[in-house]
Amino acid sequence: MARESIETADRETVRRRQAERLRETVRNAYENVPFYREAMDERGVEPADIETVDDVTRLPTTTKEDFREQYPDGLFAVDRSAVRRLHASSGTTGKPKIVAYTDADLDVWREVMARSLAAAGVTEADLVQNAYGYGLFTGGAGLQQGAETLGASLLPMGGGDTAKQLEMMCDLGSDVLACTPSYSLYLADHAERQGLDPAELPISTVIFGAEPCTDPMREAIERRLDVTGIDIYGLSEIVGPGVSVECHEAQDGLHVWEDRFYPEVIDPETGEPLPAGEAGELVLTTLSKEALPVLRYRTGDVTSLRYDACDCGRTTVRMDNVTGRADDMLVVRGLNLYPSQIEATVVDIDGVAPQYRIDLYTRDNLDAIELTVERAADADRTVGELESVVFDRLDATLSFTPDAVEVVGAGGIERTETGKVKRVYDHR
Ligand code: DLL
């Protein structure tokens with residue numbers, strides 16, 4: 001059931017609210033952030049030119065490089081004394097992107113997270129075990145605030161310490177686990193090693209996000225842990241988790257909280273807006289952030305938008321689940337390929353565990369790609385059989401064959417216990 005009336009409002013009401021908030025956001029950015037004033041002046045756009053949401057395309061875009069160049073606080077629109085909290089993105093190279101929140105921004109974040117958890121089917125009666133990392137990463141704090149605002153009980157475990165996670169989960173009877181998709185499988189493996197049946201654990205819902213998760217991977221999570229898997233999406237630059245989430249009723253696309261974040265999908269090459277239904281790069285504009293208004297942020301995430309009605313009754317636009325980033329694309333001997341395509345193909349093979357690793361090398365001036373997959377503990381097929389099935393399936397589905405496929409035994413691929421999983425290792 002929807003938590004706020006705007007979730008089920010008609011398009012006219014939504015567009016009106018978006019327009020009001022967009023005008024205020026643009027004014028805030030123009031008046032208080034020199035970076036935006038210059039970018040808008042350069043394009044010959046003034047705040048007064050922005051009347052409806054259709055005018056959004058007249059605004060300049062913001063990129064992750066802009067965040068880096070404005071490090072640490074060049075994009076802030078408020079005085080430091082009005083900043084109540086700071087977080088940072090989880091970038092692995094270079095300086096992180098620093099993000100800031102006023103009191104009002106934190107209220108908005110709490111509210112979209114409470115909405116997200118309600119959409120995931122969480123109720124006041126539930127105990128939410130939060131296994132997202134706490135600290136600069138927005139996952140831990142975001143889930144905590146949402147659960148508390150909703151009125152659920154919260155267990156602030158943070159990432160890692162899996163034996164303790166299992167102990168608390170079993171002793172306290174956690175209903176919901178919030179963590180990355182890869183960690184939920186790690187926890188299932190760990191439970192098995194401890195002699196527990198993952199399907200018998202008390203949790204009935206896993207709220208996973210912060211990493212891509214293809215359909216076969218989601219099916220593995222749902223089957224092994226006997227749970228409903230709910231995909232939650234977000235990014236620090238815009239708010240953290242809580243930009244969009246699946247509803248438990250339909251699990252069919254992620255409801256974007258579009259009264260707070262305005263989504264567009266563009267062609268990543270040309271920057272042109274794409275019509276609903278077409279996949280491209282997600283671009284987001286914050287509609288009520290005070291400390292860090294962000295205009296047309298190029299997320300790098302690939303998705304598409306749809307405006308048809310959802311069975312749950314919410315009327316929001318929905319985005320497809322994000323299985324990759326525009327800059328994840330591998331170009332191997334002229335073939336363009338996303339790691340998620342490889343994942344979806346191999347994880348679907350009977351006898352292959354939902355784990356894989358891709359290594360890229362240069363050999364004799366040519367790209368070489370090696371794929372490592374894991375044999376499932378209960379597999380009927382031998383390592384040799386699996387190797388040829390993986391080759392054949394990749395060839396048949398993607399017209400692609402790696403230079404080498406290695407099938408390792410159960411547990412043979414290194415797991416990530418905290419933070420985001422890394423599956424592609426580029427040695428070039
Ligand atoms: O990962 C926020 C978050 C925390 C989302 C907990 C969901 C749950 P960042 O560290 O800034 O923020 O990383 C953002 O992670 O641009 C996507 O590439 C990726 N990402 C986040 N959620 C999903 C998802 C958090 N559900 C970046 N599916 C984003 C696929 C996701 N990718």
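**Entry 1: the largest cavity**

I began with enclosed space and found about 60 Å³ in the largest cavity. The model is a predicted one, and I read every value below with that in mind. My count of cavities of 30 Å³ or more came to three.

I then listed what lines the largest cavity. Ser-182, Leu-185, Tyr-186 and Met-217 are there, among others. Pro-354 and Gln-355 also belong to the lining, as do Arg-415, Thr-416, Val-421 and Arg-423. I sorted the lining by class: five residues are nonpolar, three are polar and two are charged.

Which elements supply at least two residues each to this lining? I noted H7 and S17. H7 has the largest share, with three residues.

Where does the largest cavity lie with respect to the domains? Domain 1 (1–326) and domain 2 (329–426) both contribute to its lining, so I place it between them.

**Entry 2: the second largest pocket**

Next I turned to open space. The second largest pocket holds about 680 Å³. I counted 28 lining residues. Nearest the centre of this pocket are Val-352, Ala-353, Pro-354, Ala-376 and Asp-378.

I checked the classes here too. The lining of the second largest pocket has 14 charged residues, eleven nonpolar and three polar.

Four elements each give at least two residues to this lining: helix H7 (181–193), helix H8 (215–225), strand S17 (352–363) and strand S18 (366–375). Which of them gives the most? I found that H8 does, with five residues.

I asked again about the domains. The second largest pocket also takes lining residues from both domain 1 (1–326) and domain 2 (329–426), so it lies between them.

Pro-354 went into my notes twice. It is in the lining of the largest cavity, and it is one of the residues nearest the centre of the second largest pocket.

**Entry 3: strand S8 and its partners**

I moved on to the strands. Is S8 (residues 240–246) mostly covered or mostly open? It is mostly covered: seven of its seven residues are buried.

I followed its pairing on the S7 side. Strand S7 (residues 228–235) pairs with S8 in the antiparallel sense, over four bridges. A hairpin of four residues joins S7 to S8. Tyr-233 stands opposite Ser-244 in S8.

S8 also pairs with strand S9 (residues 254–256). This pairing is antiparallel too, with three bridges. I looked up the partner of Val-245 in S9, and it is His-255.

I add a general reminder for reading these strands: in a regular strand, side chains alternate between the two faces of the sheet.

**Entry 4: cysteines**

Last, I checked for disulfides. How many are there? My count is zero.

I wanted to know why Cys-312 is not bonded. Its closest cysteine sulfur, in Cys-310, is 3.6 Å away, which is too far for a bond, because a disulfide needs the two sulfur atoms within 2.5 Å. Cys-312 is buried, with a relative accessible area of 16%. I set that value against the cut-off for buried, which is under 20%.

Cys-179 was my second case. The closest cysteine sulfur to that of Cys-179 is in Cys-213, at 10 Å, so this pair is also too far for a bond. Cys-179 is buried as well, with a relative accessible area of 0%.

Methods:
Residues are numbered from 1 along each chain as its sequence is written. This is a predicted model: local features need pLDDT of at least 70, side-chain atom pairs count only at pLDDT 80 or more; totals for chains, interfaces and linings use all residues. Side-chain values use heavy atoms; hydrogens and water are left out. Buried means under 20% relative accessible area, exposed over 50%, partly exposed in between (1.4 Å probe, protein chains only). Two strands pair if DSSP finds at least two bridges between them. On a 1 Å grid over the protein atoms alone, a cavity is a set of points where a 1.4 Å probe fits but cannot get out, and a pocket is an open set with protein on both sides within 12 Å along at least five of seven lines; lining residues have an atom within 4 Å of a point. Grid points are joined across faces, edges and corners, and a volume is the space filled by probe spheres set on the points. Ala, Val, Leu, Ile, Met, Phe, Trp, Tyr, Cys and Pro count as nonpolar, Asp, Glu, Lys and Arg as charged, and the others, Gly among them, as polar. Domain bounds come from an automatic or database domain assignment.
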